[in-house]
Amino acid sequence: MSGINYITKETLDQMMSELTQLKTKGRAEIARAISEAREKGDLKENAEYDAAKEAQGLHEAKIAALEGAIATSRIVSADAIDTSKVSILCKVTITNVANKKTVTYQIVSETEADLKAGKISVTSPIGKGLLGKHVGDVAEVQAPNGQVKFKIDNITA
């Protein structure tokens, strides 16, 4: 991930909590697994030891990625959101021009994206297509199955 990651205060708190858990309990569990595997004999032929060391590497990579995301995060509050146009953290109600299906999405950072919760990434095709548009505009989005047009019905904070 590169660039600035705009998130809410709640998301930053969740990320910090997860990082603390990974650095404390997570590292302790992996250290215990490595220690137990080391006690089982020759390290050259010890599959448990190799698996524990690999898990340690993946765990440390996850910690580094989370630290990077936190370092590039900027908190945006709901009252600072400009609802005259689609921007990050706005809730946008759109209608698919072709099938008249209406949905509401919140435009969020990559780390907060959760389609089931109605949160789409600002870097997703739909997110990119909607950015900067106003109520009444039609956004043309290049989706994997072709071009899709969405009419912007409403923008809220």
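**Reading the cores of a predicted model**

Author: Over residues 83-156 the chain is 8% helix and 45% strand (DSSP runs, H or I of at least four residues for helices and E of at least two for strands, numbered from the N terminus), and the end C-alpha atoms of this stretch are 6 Å apart. This is a predicted model, in which local features need pLDDT of at least 70 and side-chain atom pairs count only at pLDDT 80 or more, while totals for chains, interfaces and linings use all residues. Residues are numbered from 1 along each chain as its sequence is written, and side-chain values use heavy atoms, with hydrogens and water left out.

Reader: How should I read a nonpolar core, and which residues of the largest one touch the most other members?

Author: In soluble globular proteins, nonpolar side chains tend to be buried together. A nonpolar core is a set of buried Ala, Val, Leu, Ile, Met, Phe, Trp, Tyr and Cys residues joined through side-chain atoms within 4.5 Å, where buried means under 20% relative accessible area, exposed over 50% and partly exposed in between (1.4 Å probe, protein chains only). Here the largest has 21 residues, of which Val86, Leu89, Val92, Ile94, Ile107, Leu130 and Ile152 touch the most other members. At least two residues of this core come from each of strand 3 (91-96), strand 4 (102-108), strand 6 (138-143) and strand 7 (146-156), with strand 7 giving the most, four residues.

Reader: What lies in the second core?

Author: That separate core has nine residues, including Ile7, Leu19, Leu22 and Leu66.

Reader: Is His59 buried or exposed?

Author: His59, found in helix 2 (residues 47-71), is buried because its relative accessible area is 11%.
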